[in-house]
Amino acid sequence: MRHGRYVAAAAGSALAALLLSACTTDAHVDNPPPTGGGISSTLPTGDTPTRPQVNQPPSRPSRTDLVAAVSTPLEDPYYPETSNPEVDALHYDLDLTWDGTVLDGRATVILRAATGASTLRLDLSAALRTSRVALDGAPITFRQAGDGLLMDAGAIEKGSEHTLTIDYRGRPEAVPAPSQRDDQAGGLGWTVDAAGAVSTFQEPYGAFTWYPVNDHPSDKALYDAHITVPQGNVAVFNGTLVTHRAAGPAATEWTWHLDAPAASYLTTVAIGPYAAYHDTMPDGTPATYWVLPQDRARVTQLERESRVAFEWLTRHAGSYPFDTFGVVLVGGDGGMETQTMITLSPGSLDRPDAVLEHEIAHQWFGDAVTPTDWQGLWLSEGWAMYMQHWFEQDTGRYEYGGGMARWRPLDNASRGRSGPPGDFDPRSFGDVNVYLGPALMLDAIRRQVGDAEFGSLVKAWVTDHADGNVDRAEFVSWLNKRTGQDLTTLVDTWLDSPSTPR
């Protein structure tokens, strides 16, 4: 989110520190991370051609990869204007050029028609003007209406596969957040700070401020990105850095590949004079930390805290679900669980509670397994909050909010402000109600089934639903089947009660 996930409030009758929601192919990497422990600080050297083709031919994933990205897109019950159920995007190839003020883009989108349709719609900010759209190589007519791009597709059949190529240009603008939180006052999406650095926090939406997209969690897709930025800057994206190279005398192109399906709110772009610090996690996963010059003193702490949290999570949540791990430090206050490349403010490392571990936990709970729609936000935040509490307790650290035994008043107050976690007020996205109540519910399930069974449930939740989307009905059905108990009433009470259950 615009400035992160956390905001301070009083304990008891005042507000306390409230946790708020902001949350391969074997591609070649120049100067790959070292295989042993310890950090190396380098940027890949890359090749230096004279002038690459700016709008280069897009990468096309294999048929197997595309099948893995097939989704069942839905219209969101809370934010229907940013969901397009006729489009199942399978792969985005983004060719972006940023000069510090204007964004030039070409998006090549491989999609499956989820329904029969004569018009296709993607979300795209009104601040970005489309100049050309082609469907399967042939130009088609289109129009922009508000933050939507409507394209005349003729008659396309349900299940058929097509390629859209969309050229656009403009000055990106952040959009208002559906939230009462102070940390979202600056809006969501593409943001430029006073020093010219770019960052993107975009939950529940905001990806449409910089590329045409079905901006909804039900539609996961694969990504390739080629981002050209002024010389001296780095463009950070999700996944694996494939290469970087000169793009003329005063620019550099950075190419990234994300090989696991991701929801649009989990994509990230950060642009600035970054340095890369490489490491390897205990399980062999390559890790990279992207840091601006003013934050380089944070690297040792960032590496240490990431390693401890990562190793703990692999023991308690199961194998890390992706091929690479990274963190990019940006401005703002807090963090966001952007897939494989966590977007984090340096100040988050100063908090006493385990902010970084919370965002890493989301790689399992929210990224690998994603809510079907925004009414299910509790599914990702409840799991991540529970894992944060468990980690803090298990490692003898400061426990958020004084520990789970003291959460009830905080949860009860937030239900009064924003509704129960299973049916919260859409104008109050990301209040603490979707964190603490669902985490308390998970603890009630643990007490009901026992520690050993619950520990197995934690790991099975991810392995049974990896790369997919889930809703409440699926959660309850899965839970009852796995435990052999009917926990429906327990779940419904915790998610639907206007006050914290006893």
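In this predicted model, Ile 227 touches a varied set of residues beyond its immediate sequence neighbours: leaving aside positions up to four places away in sequence, its contacts are Leu 96, Ala 235, Phe 237, Thr 252, Glu 253, Trp 254, Val 269 and Ile 271. The residue belongs to strand E14, which covers residues 221–230. Its relative accessibility is 2%, and because burial requires a value under 20%, Ile 227 counts as buried. A further spatial relation involves His 244: this residue and Ile 227 are separated by 17 residues in sequence, and their C-alpha atoms lie 9.3 Å apart.

Turning to the helices, a pair to look at is H2 (residues 299–316) and H4 (residues 377–394), which pack at an angle of about 110° with 11 Å between their axes. With that angle, H2 is roughly perpendicular to H4. On the H2 side, the contact is formed by Val 308, Ala 309, Trp 312, Leu 313 and His 316, while H4 contributes Met 387, Trp 390, Phe 391 and Asp 394. Sorted by class, the residues of this H2–H4 contact comprise seven nonpolar, one polar and one charged.

A second pair is made up of H7 (residues 451–465) and H8 (residues 472–483), whose axes are 11 Å apart and meet at an angle of about 130°. This angle makes H7 oblique to H8, and the crossing of H7 past H8 is right-handed. From H7, the residues taking part are Glu 453, Ser 456, Leu 457, Ala 460, Trp 461, Asp 464 and His 465; their partners in H8 are Phe 475, Trp 478, Leu 479, Arg 482 and Thr 483. The contact of H7 with H8 divides into six nonpolar, three polar and three charged residues.

Helix H5, spanning residues 408–418, offers a view of how burial is arranged around a helix axis. Its buried residues are listed as Leu 410, Asp 411, Ser 414, Arg 415 and Ser 418. Viewed down the axis of H5, these buried positions fall within an arc of 135°, and so they line one face of the helix. Pro 409 and Gly 416, by contrast, are exposed on the other side of H5. Just after the helix comes Gly 419, which has a positive phi, near 90°.

Notes: Residues numbered from 1 in each chain as written. Predicted model: local features only at pLDDT ≥ 70, side-chain atom pairs only at ≥ 80, totals over all residues. Heavy atoms only, no water. Axes fitted to C-alpha atoms, helices over the stretch in contact; angles between N-to-C directions. Helix = DSSP H or I, 4+ residues; strand = E, 2+ residues; numbered from the N terminus. Parallel < 35°, antiparallel > 145°, perpendicular 65-115°, else oblique. Left-handed = near helix turned anticlockwise from the far one by under 90°. Contact = heavy atoms within 4.5 Å. Nonpolar A, V, L, I, M, F, W, Y, C, P; charged D, E, K, R; others polar. Buried < 20%, exposed > 50% of the residue type's maximum accessible area, 1.4 Å probe, protein only. Arc of directions from axis to C-beta.
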